[in-house]
Amino acid sequence: MKLLRVGPPGEERPAVRTDDGRLLDLSSVASDIDGAFLASGGVDRVRAAVETGGLPGLDTDGLRIGAPVARPGKIICVGLNYRDHAAETGAAIPPRPVVFMKDPGTVVGPYDEVLIPRASVKTDWEVELGVVVGRRARYLEGPEEAAGVIAGYVISHDVSEREFQLEYSSQWDLGKSCETFNPMGPWLVTADEAGDPQDLGLRLSVNGVKRQDGHTRDMIFPVHEIVAYLSRYMVLEPGDVINTGTPAGVALGLPGTPYLRPGDTVELEIDGLGSQRQTFGQA
C-alpha cells in the first residue's frame, strides 16, 4: 500500500494511491500521516477502508505531493554504509554504523525546490533508502524483531553541504541540516508491499547524467541490523525516519567535484518506491 500527503505546504491531507494509480482521500480515516497515525494502527484502518470501498477520489491536476510523513520526530542517518561510497570519500570501512542526526525541519516534498545555502560552494546529492518506524522500539533483540517495528520505506534525498559538514566542524550536522535538505517521498510504501529492503536498486541523475547506480544488497550494515543497533542507544518512536546511507557517485567523489548550482535538476528513483525530481535554487 502506498500512503502519501497532498496539498499546499502545511495544509497536506492524507491519501492512498491505488494499484491503478488513482488517489483516494483519507480525510475520513485519519487527520494526517504521522507518528500518532502509525502508533494507533492507522495502516490497518486504511487497508480496511480501501477494501470496503467508498473513499472519495482526488483530482490530481496541479496537486502538489508533500512528504509522506508529517514532520518526523527525528531523522537518524547512517553514513558510509556502502563500501564503494566509503572508498570514493577516502574513508575506511567502519566497524560499527556511523550515526548522525539531521534536523526534521529539513523535510520537504519530493518535487519541491531545494535551496542551496548562502555561502555554499559544495552542495552535494545522496539517494538513500529511508526507513519509517511504525512502532515504539527500545533494546530490540536483533534483526528479526527489528523487522516488526518498520512501517515502510521511502525515497530520501540526504542533500549535504560538504564544506559545512567536513571542514567547519568535527560533527556532520551543519552540512546535513540546511533548510529543504531532505526531500522525501513521493509515498510511504508499507513494508509488506516493499518486500526485501536488501533487494532494491537506487539511481540518481543530475541534469540527465546518471551519477549514482547502486543496490541495497551492497550495504555494509543491512536495514534490520541498523534498526536493532539504533534501538540499543535511543528509543525509536513511530514516525521517526532512518536514512540508511548512499552508494558511490556523489560529487565529492567524482573527478572535478561537480557540486550543485542553482538551476540544476536532480532525479532519484528506488525500485518499487517511485521517483523524485527537484530543481535547485538559491537561498
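Biologist: Is Asp-124 buried or exposed?

Modeller: This is a predicted model, and in it Asp-124 sits in strand E8, residues 123–124. The cut-off for buried is under 20% relative accessible area. Asp-124 is therefore counted as buried, with a relative accessible area of 0%.

Biologist: Which side chain makes a polar contact with the side chain of Asp-124?

Modeller: Let's go through the surroundings of this acid. Setting aside residues up to four places away in sequence, Asp-124 touches Val-159, Ser-160, Arg-162, Val-250, Ala-251, Leu-252, Tyr-259 and Leu-260. A polar atom of the Asp-124 side chain lies 2.8 Å from the backbone nitrogen of Ala-251. The side-chain partner, at 2.8 Å, is Arg-162.

Biologist: Glu-12 is another acid I'd like to place. What backbone nitrogen does its side chain reach?

Modeller: Glu-12 belongs to the loop between E1 and strand E2 (13–17), and it is buried, with a relative accessible area of 14%. Beyond its neighbours within four places in sequence, its contacts are Arg-5, Val-6, Gly-7, Arg-64 and Gly-66. The backbone nitrogen in reach of the Glu-12 side chain, at 3.0 Å, is that of Gly-10.

Biologist: Happy to move on to the nonpolar residues. Which element gives the largest share of the largest nonpolar core?

Modeller: That core has 55 residues, and Val-227 and Ile-242 touch the most other members. Elements supplying at least two residues each include strand E1 (2–6), strand E9 (127–133), strand E10 (150–157) and helix H8 (223–231). The largest share, six residues, comes from H8.

Biologist: Which residues of H8, at 223–231, does Ile-242 contact?

Modeller: Leaving out neighbours within four places in sequence, Ile-242 has contacts that include Ile-76, Leu-129, Val-131 and Leu-236. Helix H8 spans 223–231. Within that span, the contacts of Ile-242 include Ile-226, Val-227 and Leu-230.

Biologist: How many residues are in the second, separate core?

Modeller: Val-16, Ala-49, Ala-151 and Val-241 are among its members. Ala-49 is also one of the buried residues of helix H2 (residues 42–52). This second core has 29 residues.

Biologist: Why do the buried residues of H2 lie on the same side, and what arc do they cover?

Modeller: The buried residues are Gly-42, Val-43, Val-46 and Ala-49, and they pack against E1, E2, helix H1 (35–39) and strand E13 (188–190). The face turned away from them carries the exposed residues Asp-44, Glu-51 and Thr-52. The buried residues lie on the same side of H2 because the arc they cover around the axis is only 125°.

Key. Residues numbered from 1 in each chain as written. Predicted model: local features only at pLDDT ≥ 70, side-chain atom pairs only at ≥ 80, totals over all residues. Heavy atoms only, no water. Core = buried A, V, L, I, M, F, W, Y, C linked by side-chain atoms within 4.5 Å. Buried < 20%, exposed > 50% of the residue type's maximum accessible area, 1.4 Å probe, protein only. Helix = DSSP H or I, 4+ residues; strand = E, 2+ residues; numbered from the N terminus. Contact = heavy atoms within 4.5 Å. Polar contact = N/O pair within 3.5 Å; in protein donor to acceptor, adjacent residues only side chain to side chain. Arc of directions from axis to C-beta.
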